[in-house]
Amino acid sequence: MSLLIGGACVAALAFVLAWAGPALVRSAAPVLMRVPRVAVFALLSLPMLSWAVVTALSLMAAWLLKGPDVLPMPIGDVCQRCLIAANPFGGAQIDTLIPVVLFLLLPLVVTFGFLIRGGLLARRRHRENAETARLLGHDAADVEVAGRTVKIVSGHRHLAFSLPRRYGGVVLSENLCSALEAGELTAVLEHERAHVDQGHHAIMALVEAFVRPLRFIPLFAEVAASVPLYLEIAADDRARKVAGTPALAGALLKIGPQVREGGHLGGSYALNIAGPDRVRQLVAPVRMSPGLLPTAALSSALTAFCVLFSSVIATYVGVLLTGCTLS
């Protein structure tokens, strides 16, 4: 019964977090900005574990509800025995007209649907990046800059972006290289190399495949909007360590705000160094203390989600490992 009470509490927590979560995420920013890579992991965990909670609740419903048999024998009989063996609530069930097997299959079907969608988006991403790489093959030249080999294009003012390594890696414009001091150029290079080396393009692919489709939920919309910013801050951290804060801030000021446009040379999937105002955070970071409590609240919610999901899954896995078969 404790699992049932815990499930009800976590379900209520997930519902509240789905709608009030954006304010909590924004309030935690002073802490998350100090550990941007951890912040990205935590932010992506929010929607993933929210789905895990939905899955756990669906599996719990299979224990508590009883509906008409729709599976052929002996599969239906084995399925029923396994459910009874796994049920931590004893034999108490509520009669419904809904086949229980739907509660078992629904999480799998929805997850499979998201995986198919992710695969299709990956194909589209590959085609566009390949087309960008083909254009760069004509328009860009491999040049050694500050000890690194990058692609340099002419005719574009103050352009700096990165693609996955196989599609070109770091790309700079000739005009930008001329406009930056040596330290600033190193900062830009390290920023873009951080995107490539730390797999930021793959993280954005995950956001596009599994988070943006559900952005009608405020929490998911906030995560989809926040992750790109924290990826930029993570790349800034590496640039600061190598070139120093003044060099990075100077480069950002010279590049200026850059609006992502459909006609951008790097295509839709390039990560650009320009973005929302980060210079102020670089030179005068906000105090961490206002973000401590919201961060603790988010951490507690993630822990509760993990505990519920692992408890339910462990019960099912335990029954499967002890002989829930067709034999």
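Q: How much area does the chain expose, and what share do carbon and sulfur atoms supply?
A: Accessible areas come from the Shrake-Rupley method with a 1.4 Å probe, and for residues only the protein chains shown count as cover. Here the chain exposes about 16,500 Å², with 66% supplied by carbon and sulfur atoms. Keep in mind that this is a predicted model: local features need pLDDT of at least 70, side-chain atom pairs count only at pLDDT 80 or more, and totals for chains, interfaces and linings use all residues. Residues are numbered from 1 along each chain as its sequence is written, and side-chain values use heavy atoms, leaving out hydrogens and water.

Q: How many aromatic pairs does the structure hold?
A: A pair of aromatic rings is described by the distance of the centres and the angle of the planes. Rings of Phe, Tyr and Trp (its six-membered ring) pair if their centres lie within 6.5 Å; planes under 30 degrees apart count as stacked, over 60 as edge-to-face and the rest as tilted. This structure holds 3 such pairs. In one of them, the ring centres of Trp 63 and Tyr 316 are 5.1 Å apart and the planes meet at 10°, so the pair is stacked. It links distant parts of the chain, 253 residues apart: Trp 63 in helix H3 (residues 36–64) and Tyr 316 in helix H12 (residues 289–321). Helices (H or I, at least four residues) are DSSP runs, numbered from the N terminus.

Q: Is Trp 63 buried or exposed?
A: Buried means under 20% relative accessible area, exposed over 50%, and partly exposed in between (1.4 Å probe, protein chains only). Trp 63 has 0% relative accessibility, so Trp 63 counts as buried. Tyr 316, at 15%, also counts as buried.

Key: Helices (H or I, at least four residues) and strands (E, at least two) are DSSP runs, numbered from the N terminus.
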